[in-house]
Amino acid sequence: MCRWIAYAGRTIPLEHYVTEPSHSLVSQSIHALESTAATNGDGFGLGWYGDHPEPGRYREVQPAWSDDNLRYLCRHLHSHLFFAHVRAATGTPITRPNCHPFACGPWLFMHNGYIGDWSRLRRPVEAMIPDALYPSRAGTTDSEAIFLGLLGCGLMGDGPRRDPVEATTRALKRLTELAGEHPFRFTAALADGRDLYAFRYAANDKANSLYYRASEGGVVIASEPLDRDHGTWTAVAENSVVVARRNEPVTILPLAPFGLGQPAPDAAPRRLRA
C-alpha cells in the first residue's frame, strides 16, 4: 500500500521530512517496512500551502527515487502545512490524475487504503459526489472519489458547513455500508490550509499503519517512522483521528463516539502540546 507524511506547524523546508531523514518518504518508496508493498513506485506527489488559499501541487508518474526535480523542490519549497505521498497502485492506471494528493478548493487530501470490489462499487461511491463537485473528478481512483464524496458531506457547497471530523465520519459510515462484507481501509489526511486531520480506520480488515510525533514546532504524521528512533513516535490507535488545529494542542479522538468501529483500550481522547 501507499506511504505518506503530513506536517503542520512552523514554516520549514519540505526536505526536512520528505528527503532528509534516514527513513524519509523517498526511502520508504524504495523499501517500506510496514506495508504490504515494500516498493511504492507508482508515482508520487507533493501538496503545500503558501500565499494562496488553494494548495500548490506537484505530481509525477515516475518513482519518487528517480525524479531529480523532487530533491530540489523539497529543498526550496517552505510551508507551514504540507503533504507528500508515494503510491502503490491497486488496480487503477499509473497516471498523473491518479497520483495523490488530491485538491478541491482549499482542501487537500491523500489516502492509503482500499475499498474491496471497486469495479462494482465505483458507481455508488461516485454517486456520493455532488453535481457541483463532479467536474473536479479528474482520475479513476477510489481515493479521489472518496475525497470528493466526503467534501459533499458538508465541507463544500451551499448547505451548512460541518466539522471536518463529523463530515468525514458521515462519509465513512456510508462507505462502510457500501463495502458490506468487503474490506475497507481508510488511513488518510485532510487539510484546509489552516488545520490538519488524519484518520486511521478500517472495516472487515486491519487498518493501515499510522504514527505521529508532536513537538513545540509542530506535528508530523506518517505511515511509518521517518527514522530509526521509534521511541519518539506514537502509533495512532485504530479507529482514531488526529486533530491538529492551528494554535491548539494536538488531540487524538476515538471514532467510536461518531458511530465508527470500536475504540482501542487506550483510545480515550488525548491532548498533546505541540
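In the residue classes used here, Ala, Val, Leu, Ile, Met, Phe, Trp, Tyr, Cys and Pro count as nonpolar, Asp, Glu, Lys and Arg as charged, and the others, Gly among them, as polar. The structure is a predicted model, in which local features need pLDDT of at least 70 and side-chain atom pairs count only at pLDDT 80 or more, while totals for chains, interfaces and linings use all residues. Residues are numbered from 1 along each chain as its sequence is written, and side-chain values use heavy atoms, with hydrogens and water left out.

**Pockets**

A pocket is an open set of points on a 1 Å grid over the protein atoms alone, with protein on both sides within 12 Å along at least five of seven lines; a cavity is a set of points where a 1.4 Å probe fits but cannot get out, and lining residues have an atom within 4 Å of a point. Grid points are joined across faces, edges and corners, and a volume is the space filled by probe spheres set on the points. Helices (H or I, at least four residues) and strands (E, at least two) are DSSP runs, numbered from the N terminus.

| Space | Volume | Nonpolar lining residues | Polar lining residues | Charged lining residues |
|---|---|---|---|---|
| Largest pocket | about 270 Å³ | six | five | six |
| Second largest pocket | about 190 Å³ | seven | eight | two |
| Largest cavity | about 40 Å³ | nine | two | none |

The largest pocket has a volume of about 270 Å³. Its lining numbers 17 residues, of which A8, G9, R245, R246 and N247 are the closest to the centre. β1 (3-13), β4 and β10 (218-222) each contribute at least two residues to this lining, and the largest share, three residues, is that of β1.

In the second largest pocket, which is also described by 17 lining residues, R87, T90, T92, G113 and D142 lie nearest the centre. Two or more lining residues come from each of β6 and α5; β6 gives the largest share, four residues.

**Cavity**

One cavity of 30 Å³ or more is found in a search of the whole structure. Its lining consists of V18, L25, V26, F44, G45, L46, A64, L70, A84, H85 and V86. At least two of these residues are supplied by each of α2 (25-30), β2 (44-48) and β4 (78-86).

**Aromatic contacts**

Rings of Phe, Tyr and Trp (its six-membered ring) pair if their centres lie within 6.5 Å, and planes under 30 degrees apart count as stacked, over 60 as edge-to-face and the rest as tilted. The whole structure contains eight aromatic pairs. One of them joins F109 and F147, stacked at 5.1 Å centre to centre with 5 degrees between the planes. This pair links distant parts of the chain, with F109 in strand β6 (residues 107-115) and F147 in helix α5 (residues 142-151), 38 residues apart.

F109 also pairs with F186, in a tilted arrangement with 6.1 Å between centres and 35 degrees between the planes. Because F109 lies in strand β6 and F186 in strand β7 (residues 184-191), the pair ties together parts that are 77 residues apart in sequence.

Buried means under 20% relative accessible area, exposed over 50%, and partly exposed in between (1.4 Å probe, protein chains only). F109 is buried at 1% relative accessibility, F147 is buried at 1%, and F186 is buried at 0%. F109, F147, F184, F186, F199 and Y201 form one aromatic cluster.
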